[in-house]
Amino acid sequence: MALERARLAQAESRARVLEESDHLKSILLSSVSHELRTPLSTIKAAASSLRSDDVHWDSAARPELIAAIDDEADHLNMLVGNLLDMSRIESGVLKPKREWNILSEIVGSVLARMKHLAEEHRIEVDLPESLPLMPVDYVQMEQVFTEFGQQQCKYAPEKSVICVRAFVEDESVHVVVSNQGPQVPQEHLERIFDKFFRITAADRVTGTGLGLSICKGIIEAHGGRLWAENMPDGLAFNFTLPLIWEGASPPNLTMDTETE
């Protein structure tokens, strides 16, 4: 009887796992199908217009149609990349290629690429020169800041301030990316990092709801912690990253520069 109860409990547990897996697959299929359809439709319409006789090659509409194809192709690439990253995180194969990097360089490269997207906002960056080198994967941290930047630009009102600042806290660097957008209900602050969870302006903002989940996976893979908090005038994303890597403290940037 004990063995039978154990067998039944195991079968019940397996059934719950399969049911949850099927539920997640249904959500993923629904979300991705909707998100993929929009850029594909735009690309198809623009390409069909370019092939037709309605748009001449010297027409003013031609650059706009080509730009639409280029932008929506980038959107498709981002969606597919998010799905692959989420798969790597859940399978436990996301391994950061850590090196000693300068935080201001990572943020600067992201802001340069997002210049067009952020032109309707005022960006304030407070990254002291005294910040030590950080043992992080440069590309993955670019991905984190890009996602935060896109989130802030999507939800914050035009002409509002988006702030990026960082400071040393014990043996970690504490990074804060804040905006003057709508706050999140207190009971949802932790859930915004769950897969597919979207609450604020979900009716007018596109996305699969995977971006913040991927950020959480990247930060935790670096040994850090990520959380959100409501500010008096908006919302802030916080994360900490350890400065100690394999028992070593950050090298002295000034000494390295002088040696070179």
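Reader: In strand E4, which residue is the bridge partner of Arg-122, and how should I read such a pairing?

Author: As a general idea, strands of a sheet pair through backbone hydrogen bonds, and they do so either parallel or antiparallel. In this structure, which is a predicted model, the partner of Arg-122 in E4 is Val-161. That bridge belongs to the pairing of E2 with strand E4, residues 161-169, where five bridges join two strands that run parallel.

Reader: In what order do the strands of the sheet lie, and which of them are the edge strands?

Author: The sheet is open and is formed by five strands, which follow one another in the order E2-E4-E5-E7-E6, with mixed pairing. An edge strand pairs on one side only, and here that description fits strand E2, residues 122-126, and strand E6, residues 225-231. From one strand to the next, the twist averages 15 degrees.

Reader: Which helix packs on the sheet, and which strands does it touch?

Author: Helix H4, covering residues 138-155, packs on the sheet and touches E4, strand E5 (172-179), E6 and strand E7 (234-242). For the orientation, one compares the direction of the helix with that of a strand, and the directions of H4 and E7 make an angle of about 170 degrees.

Reader: How many aromatic pairs does a search of the whole structure find, and how do I tell whether the rings of Phe-148 and Phe-237 are stacked or tilted?

Author: The search finds five aromatic pairs. To classify one of them, look at the angle between the ring planes, where planes under 30 degrees apart count as stacked. The planes of Phe-148 and Phe-237 stand at 5 degrees, with the ring centres 4.9 Å apart, so this pair is stacked. The pair also links distant parts of the chain, since Phe-148 belongs to helix H4 and Phe-237 to strand E7, 89 residues apart.

Reader: Are Phe-148 and Phe-237 buried or exposed?

Author: A residue counts as buried when its relative accessible area is under 20%. Phe-148, with a relative accessible area of 0%, is buried, and Phe-237 is likewise counted as buried, at 3%.

Reader: What is the geometry of the rings of Phe-148 and Phe-239?

Author: Their centres are 6.0 Å apart and their planes stand at 40 degrees, so the pair is tilted. This contact, too, links helix H4 with strand E7, as Phe-148 and Phe-239 are 91 residues apart. Phe-239 is buried, its relative accessible area being 0%. Taking a wider view, one aromatic cluster is formed by Phe-145, Phe-148, Phe-193, Phe-237 and Phe-239.

Reader: Where does Arg-225 lie with respect to Trp-227?

Author: Here the thing to examine is a charged group placed above a ring, and Arg-225 does lie over the face of Trp-227, at 3.9 Å from the ring centre.

Reader: With which residues is Thr-240 in contact, and where is Thr-240 found?

Author: Thr-240 is found in strand E7 and is buried, with a relative accessible area of 13%. Once neighbours within four places in sequence are left aside, its contacts are Glu-169, Ser-172, Val-173, His-174, Ile-219, Gly-224, Arg-225 and Trp-227. For Gly-224, which is 16 residues from Thr-240 along the chain, the two C-alpha atoms are separated by 5.2 Å.

Reader: What does Thr-146 touch?

Author: Thr-146 lies in helix H4 and counts as buried, at 18% relative accessibility. Not counting residues up to four places away in sequence, Thr-146 touches Val-110, Arg-113 and Met-114.

Reader: Why is helix H5 described as largely enclosed by the rest of the structure?

Author: The way to judge a helix is to ask how many of its residues are buried, and in H5, residues 211-221, eight of the 11 are, so the helix is largely enclosed by the rest of the structure. Among them are Leu-212, Ile-214, Cys-215, Ile-218 and Ile-219. Just after H5, Gly-223 takes a positive phi of about 85 degrees.

Reader: How many helices and strands does the protein chain have, and what percentage of its residues count as buried?

Author: The chain has six helices and seven strands, and 38% of its 260 residues count as buried. Its accessible surface comes to about 15800 Å², of which 53% belongs to carbon and sulfur atoms. Among contacts between residues at least 6 apart in sequence, 72% join residues at least 24 apart.

Key. Residues are numbered from 1 along each chain as its sequence is written. This is a predicted model: local features need pLDDT of at least 70, side-chain atom pairs count only at pLDDT 80 or more; totals for chains, interfaces and linings use all residues. Side-chain values use heavy atoms; hydrogens and water are left out. Two strands pair if DSSP finds at least two bridges between them. Helices (H or I, at least four residues) and strands (E, at least two) are DSSP runs, numbered from the N terminus. Axes are lines fitted to C-alpha atoms, for helices over the stretch in contact, and angles run from 0 to 180 degrees between N-to-C directions. Contact means heavy atoms within 4.5 Å. Rings of Phe, Tyr and Trp (its six-membered ring) pair if their centres lie within 6.5 Å; planes under 30 degrees apart count as stacked, over 60 as edge-to-face and the rest as tilted. Buried means under 20% relative accessible area, exposed over 50%, partly exposed in between (1.4 Å probe, protein chains only). A charge sits over a ring if NZ of Lys or CZ of Arg is within 6 Å of the ring centre and within 35 degrees of the ring normal. Accessible areas come from the Shrake-Rupley method with a 1.4 Å probe; for residues, only the protein chains shown count as cover.
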